[in-house]
Amino acid sequence: MERLRRHPELQAWLILAIPVIFLLIFFMAPLLIVFVYSFLERGKYGGVEWVFTLDNIRRVFDPLYFKTFLRSFYIAIVTTLITLGLGYPLAYFIAKSPPNRRGALLFALMIPFWTNFLIRTYAWLTLLRTHTGLINVTLMNWGLLSKPLPLYGNDFAIILGLVYGWLPVMVLPIYAALERLDESLLEAARDLYASSGKAFWRVTWPLSLPGVVAGSMLVFIPSLGAFVTPAILGGGKSLMIGNIISNQFLGAHDWPFGSALSMVMMIAMLAATLIYFRWTKKSESSL
Amino acid sequence: MSVPARFQSNDRWQQIKSKMGGWSLTTYGILAFAFLYLPILILVIFSFNDARSVSKWAGFTFDWYGKMFKDGQILLSIWNSLFLAIVSTIISTVLGTLAALGLERYRFRGKTAVDSMFYLPVIIPDIAMAIMLLLFFNMSGIGFTPWKVNFFGARLAVPYSVIIGHVAFNTSFVAIVVRARLAQMDRTLEEAASDLYANAWQTFRRVTLPMLMPGIVGGALLAFTLSLDDFVITFFTSGAGFNTLPVRVFGMIKKGVTPKINAVSTLMLAVSLTLVVISILLSRRSGDGDSVQMGF
Amino acid sequence: MTETYAVELQDVVKQFGNVVAVNHVSLQIRDGEFFSLLGPSGCGKTTTLRMIAGFEMPTSGAIYIQGDRQGYRPANKRPVNTVFQNYALFPHMTVAENIAFGMEMRKTPKDEVKRRVAEVLDMVRLGQMANRKPKQLSGGQQQRIALARALVNRPEVLLLDEPLGALDLKLRKAMQIELKALQEDVGITFIYVTHDQEEALTMSDRIAVMNNGVVHQVGDPETIYEHPADRFVADFIGETNFIPVKVVSLAPEIVVELGSGEKVTAGWVEEGLSVGDRAVLSIRPEKMDLLELNEKPSNPSKDTALVNGKVTQLVYVGTDTRHTVALGDGTEVVVRLQNIYIGEEPWEIGEDAIVTWNAAHARILKE
C-alpha cells in the first residue's frame with residue numbers, strides 16, 4: 001500500500017491494465033494485421049499467402065479503384081459543405097431561441113440522431129426509389145411529372161442520405177460555440193459602427209470557427225468511410241470506397257487488397273484529422 | 001409630431017428589417033426540423049398501410065406488426081440484439097470507466113500513446129474497424145465460436161467475436177463520456193474526503209464514484225444505444241447465420257421493401273426514443289443539473 | 001526539542017519540477033495560536049498549508065504535528081482538518097451527512113455522531129439546515145458548514161485556506177469577527193492562509209509573511225507593522241515611504257545621508273548593511289508631519305529628522321489628507337495628516353515645507 005501511494009505511476013497502470021490490454025489485443029493487434037496483410041499475396045480461397053508484395057498498394061492507385069477513391073472524397077466533401085450550409089443556420093436558430101426553449105430544440109435535434117442509421121437510410125429509400133418511391137409516385141399521380149425523376153441509385157441519393165444522417169452532428173458543436181459567444185461582443189461590434197452583417201462576419205463567424213471545424217470533421221470522416229448509405233441508396237450502381245472494401249471480403253475474397261484499401265483510407269483520414277488539429281490550433285492562436 | 005418624417009420611415013424600415021430577419025430564421029428552423037422528421041414520420045405512417053406498398057396509402061391496419069411478431073427470425077434477432085447490448089454495455093462500462101480514471105487522474109510515461117489508442121476506435125470508420133476485427137478473428141483462431149445461452153427462454157448463440165467487437169468500440173465512447181465528467185469534477189472534494197479521514201478506497205466509494213455516476217450512467221446508455229444500433233461491425237464479425245435486428249433489417253431491405261420493415265423500424269424507433277427519454281430523466285434526477293452527455 | 005509545538009516545520013522545501021514553491025521554511029506554531037500565513041498569490045503559503053494537511057509531501061525537511069513526525073503519512077491519518085477555499089462540500093450529501101463524514105470514517109458510534117452533528121450545527125447557528133443540500137445554502141452558510149465539518153472532528157490543528165475569499169466584503173468582516181471569537185472559544189490552533197493583510201492583522205496572534213517560497217518575518221501583528229524586518233514586509237504590509245539613502249555611520253548612532261545631502265538618524269538598521277552602503281529609509285506616512293519653514297525648531301533634538309521639501313499633490317481621503325512632498329533630490333514621499341485641525345490654513349501645492357519625523361520610526365533596510 002505504502003509503495004503504491006508513493007508511486008502514482010504504478011497506480012495508474014494498475015487501473016489501466018485491463019482496458020489497455022483489452023484494446024491492445026482486440027484493437028491494436030487487428031490494426032496491425034490489416035497493415036501486414038496489405039503487403040501479402042492473396043490466397044486461393046480467401047486468406048493470404050505469406051509473400052511480400054507491393055501489388056495491393058499499387059492496385060489501390062489503379063485508375064479503376066482510384067476513381068472510386070476520388071469519388072468518395074468528392075461525395076464526402078460535398079456532403080460536408082451542404083451539411084455545414086444547412087447546419088450553421090440551424091445551430092444559429094437554436095442558439096438565438098429563448099433559453100427555456102433551447103433544451104427542447106436540442107432534444108428534438110438529437111432524437112433523429114439516436115434513431116438507427118440504417119432505418120433512417122431506409123426511410124429515404126422508400127421516398128426516393130425511382131418507380132415506387134413516394135416522391136415520384138405522388139408527383140406522377142398529381143400529374144406533375146410524366147416520367148420519374150432520377151432520385152435513386154446515384155450520387156444525389158447518397159449525398160442526401162449522408163447529409164440527412166449527419167446533420168445533427170454538424171449542428172451540435174456549432175451550437176456549442178455560438179452558445180458560448182458573449183452577447184456583449186456583438187454589442188461592442190455594433191457600438192463600433194458595424195452593421196449586423198459585418199458584426200456577424202467579423203465577430204460571430206470567427207468565434208464559431210472551432211465549432212465549424214469540429215462539426216465538419218465529424219461529418220467528413222464517417223462520410224468518407226460510408227458503407228450503409230451507398231449500399232442502400234446507391235442501388236448497386238453508385239459505390240464508395242467502403243463498398244469496394246467490403247466486396248473484397250464478402251465476394252472477391254481478396255483480403256490483402258481489401259486491407260490495402262482500408263489502410264489507404266485510414267491514412268487519408270489521419271491526414272485530414274492532423275490538418276484539422278493544425279487548423280484549429282492556428283485559428284485559436286489567431287483569436 | 002416633431003420627429004421628421006424621414007426618421008419615422010427609416011425607423012419603420014429598421015423595424016421591418018429586424019422582424020424579417022427573425023421570421024426568416026424561424027421559418028428556416030421549422031423547415032430544417034421538418035426535413036429531419038418528415039422521412040421518419042412517413043416511415044411510421046406506412047407501417048400501418050393496408051397494402052404491400054410503402055408509397056401508396058391504402059387504409060389502416062396493424063397487420064404488419066402482427067406479422068412481425070410472428071416472424072421467428074425477427075424475434076430471435078431482437079433477443080440477440082438485447083443480449084448483445086446488455087453484455088457489451090456492462091463490460092465496456094467497466095473498462096471505459098477504468099480507462100477514464102487512469103487517463104484523467106494520472107500522469108505517466110507513454111500517456112499520449114495510450115490516450116490516442118482510446119480515441120482511435122471513435123475516429124476510425126466502422127467499416128475499417130469491422131474488417132480489422134474480421135481478419136483478426138479469422139487469423140487468431142478465436143473464430144466465431146458462439147456463446148450458447150438461454151436468455152429469458154430464448155435459446156441464443158451469440159458469437160464471442162461480436163461481443164468483443166462491440167466492447168472494442170464502446171469502451172472508447174464510455175471512456176470519453178466519463179472523462180468529461182471527471183474533468184469537471186472538483187478535485188478538492190477528494191482532498192476534503194481524505195482530510196476527513198477517508199482512505200483511498202473510501203474516498204473513491206463515497207465521493208468519486210457517486211459524483212461520477214451521472215457520467216457512468218450516461219456512458220452506459222450511450223454504449224447500449226450504439227450497440228443496439230450497430231450494423232456494420234456485427235455484420236462483419238458474426239460469421240454466418242447470426243442476426244441482430246439491424247442485420248436482419250438490412251437483409252430484408254436487400255430482398256425488397258415491405259411495410260413489415262417499416263413496422264420493425266417503428267419498433268426500433270420507439271426503443272431509441274425510450275432510451276433518450278430515460279437518459280434525460282436520469283440526468284435531471286442526478287440533481288446537480290448537469291445533463292448526461294450523449295456523445296460528442 | 002524543549003517545547004512541543006502544535007505544528008513545527010523544519011527546513012521544509014517543496015519543488016514542483018524545477019519550480020521551488022517552498023524554500024527552506026522553518027516555523028513553530030504554538031498550541032492554541034491563531035497563526036496566519038500571509039503573502040501575495042504564488043508565495044508558497046497554500047503549498048505550506050497543503051503539506052501540513054498531507055495533500056503534498058515535502059521534497060525535503062520535516063513536519064511535526066504535536067511533536068509527531070509526519071513523514072509520508074497521508075491526509076486521512078493526520079490529526080488536522082482543513083477548511084477549503086471553495087469549501088469543497090460534497091454536493092451529493094446533505095449538510096448533516098457532510099458534517100458526519102469524518103466521524104463516520106473514524107467509526108464513531110452512531111448516536112454520538114448524531115449528537116455532535118446537532119451540537120456543531122447549533123454552534124454555527126444552522127441547525128435548521130441539517131437536511132438541505134449544500135447547493136441550497138448561501139455562500140456564508142456554506143462557509144459555516146465547511147467550518148463545522150472540520151471542527152466537529154476536534155482536530156489538533158485547523159487549517160484554513162483563504163476561507164473568506166469568496167464572500168463579499170460586508171459578510172467577510174462579520175465572519176472575521178465570528179471566526180476569531182470561535183477560535184478563542186474552542187481553543188484549537190488555527191493556521192490561516194490569506195493574502196489580505198488587514199484580515200491577517202485583525203485576526204492573528206502571530207503572522208508569517210511569505211514571498212517567493214521564503215518566510216520573511218514572523219511576529220505578532222504590531223511587530224510586523226511597526227517593525228518590518230525587510231523591504232518586502234514593509235512594502236507588503238500597509239503603506240510605506242522608501243527614501244534612498246547612503247549609510248554614513250552605524251555607531252554610536254545610525255546616520256544616513258539623503259540624496260539631497262541632508263543627514264538624518266534612524267532607529268534600526270537591517271543586518272548586513274555597513275557604512276557606505278546604499279539603502280532605503282522606510283517610514284510610514286502617518287508617522288510624519290509637515291512644518292512651515294518658519295516653524296523650524298531652533299534647537300532640534302538629534303532624534304528629530306528635518307528635511308526640506310515642496311508639496312506637489314494633495315488628496316483628500318476623508319479621515320486624513322495625503323500630502324505628496326518632493327524632497328531635495330526629487331524623491332516623493334507621502335505624508336498623511338489627520339483632518340482634525342479646525343481653522344488651520346491648509347497646505348497648498350507648490351508650498352515649501354519641512355518634513356519631520358522621529359528617528360525611532362525610521363528603519364534602514366536593504367534596497
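How many residues does the contact take from chain A and from chain B? This tour of a predicted model begins there.

**Stop 1: chains A and B**

Display chains A and B together. Their contact takes 70 residues from chain A and 60 residues from chain B. Select helix 2 of chain A, residues 8-37, which supplies 21 residues, the largest share of the side of chain A that touches chain B. Colouring that side of chain A by residue class gives 54 nonpolar, 13 polar and 3 charged residues.

**Stop 2: two helices within chain B**

Hide chain A and select residues 111-123 and 160-184 of chain B, which are helix 4 and helix 6. The two helices pack with their axes 8 Å apart, at an angle of about 115 degrees. Because angles of 65 to 115 degrees fall in that class, helix 4 of chain B counts as roughly perpendicular to helix 6 of chain B. The crossing of helix 4 of chain B and helix 6 of chain B is left-handed.

Next, show the side chains where the two helices meet. From helix 4 of chain B, select F118(B), Y119(B), P121(B) and V122(B). Opposite them, in helix 6 of chain B, are A168(B), F169(B), S172(B), F173(B), A175(B) and I176(B). The residues of this contact of helix 4 with helix 6 of chain B comprise 9 nonpolar, 1 polar and no charged.

**Stop 3: where chain C meets chain B**

Bring chain C into view beside chain B. The contact between them takes 18 residues from chain C and 16 residues from chain B. On the side of chain C that touches chain B, the elements giving two or more residues are strand 6 (80-83) and helix 2 (95-105) of chain C. Helix 2 of chain C gives the most, with 3 residues. By class, this side of chain C holds 10 nonpolar, 7 polar and 1 charged residue.

**Stop 4: chain C as a whole**

Show chain C alone. Its secondary structure comes to 8 helices and 21 strands. Along the principal axes, the C-alpha atoms of chain C fill a box of roughly 80 × 50 × 35 Å. Chain C has 367 residues, of which 39% count as buried. Among its contacts between residues at least 6 apart in sequence, 67% join residues at least 24 apart.

**Stop 5: the mixed sheet of chain C**

Select strands 13, 12, 11, 15, 21 and 14 of chain C. In that order, these 6 strands form an open sheet with mixed pairing. Its edge strands, each pairing on one side only, are strand 13 (263-266) and strand 14 (268-269) of chain C. Within the sheet, strand 11 of chain C pairs with strand 15 (residues 278-283) of chain C in the antiparallel sense, over 6 bridges. To see one bridge pair, select N241(C) and its partner I283(C) in strand 15 of chain C.

Now move to the loop between strand 11 (241-249) and strand 12 (254-258) of chain C, where P252(C) is placed. The peptide bond from A251(C) to P252(C) is cis, with omega near 0 degrees.

**Stop 6: the antiparallel sheet of chain C**

Which strands of chain C form the open sheet whose pairing is antiparallel? Select strands 16, 20, 17, 18 and 19 of chain C, which lie in that order in the sheet. At its edges are strand 16 (288-291) and strand 19 (332-338) of chain C. From one strand to the next, the twist averages 45 degrees. Strand 18 (residues 320-327) of chain C is joined to strand 19 of chain C by 7 bridges. One pair to display is A326(C) with its bridge partner E332(C) in strand 19 of chain C.

**Stop 7: two residues with positive phi**

Finish with two residues other than glycine. D11(C) lies in strand 1 (residues 7-16) of chain C, and its phi is near 50 degrees. D11(C) counts as exposed because it has 12 C-beta neighbours inside 10 Å.

Then select N212(C), in the loop between strand 9 (206-211) and strand 10 (214-219) of chain C. Phi of N212(C) is also a positive value, near 50 degrees. N212(C) has 15 C-beta neighbours inside 10 Å, so N212(C) counts as partly exposed.

Notes:
Residues are numbered from 1 along each chain as its sequence is written. Chains are lettered from A and ligands numbered from 1 in the order in which they are written. Two strands pair if DSSP finds at least two bridges between them. Helices (H or I, at least four residues) and strands (E, at least two) are DSSP runs, numbered from the N terminus. Axes are lines fitted to C-alpha atoms, for helices over the stretch in contact, and angles run from 0 to 180 degrees between N-to-C directions. Two residues are in contact if their C-beta atoms, placed from the backbone, lie within 7 Å. Ala, Val, Leu, Ile, Met, Phe, Trp, Tyr, Cys and Pro count as nonpolar, Asp, Glu, Lys and Arg as charged, and the others, Gly among them, as polar. A residue is buried if 20 or more other C-beta atoms lie within 10 Å of its own, exposed if 12 or fewer, and partly exposed in between; C-beta atoms are placed from the backbone. Angles under 35 degrees count as roughly parallel, over 145 as roughly antiparallel, 65 to 115 as roughly perpendicular and the rest as oblique. A crossing is left-handed if the near helix is turned anticlockwise from the far one by less than a right angle, and right-handed if clockwise.
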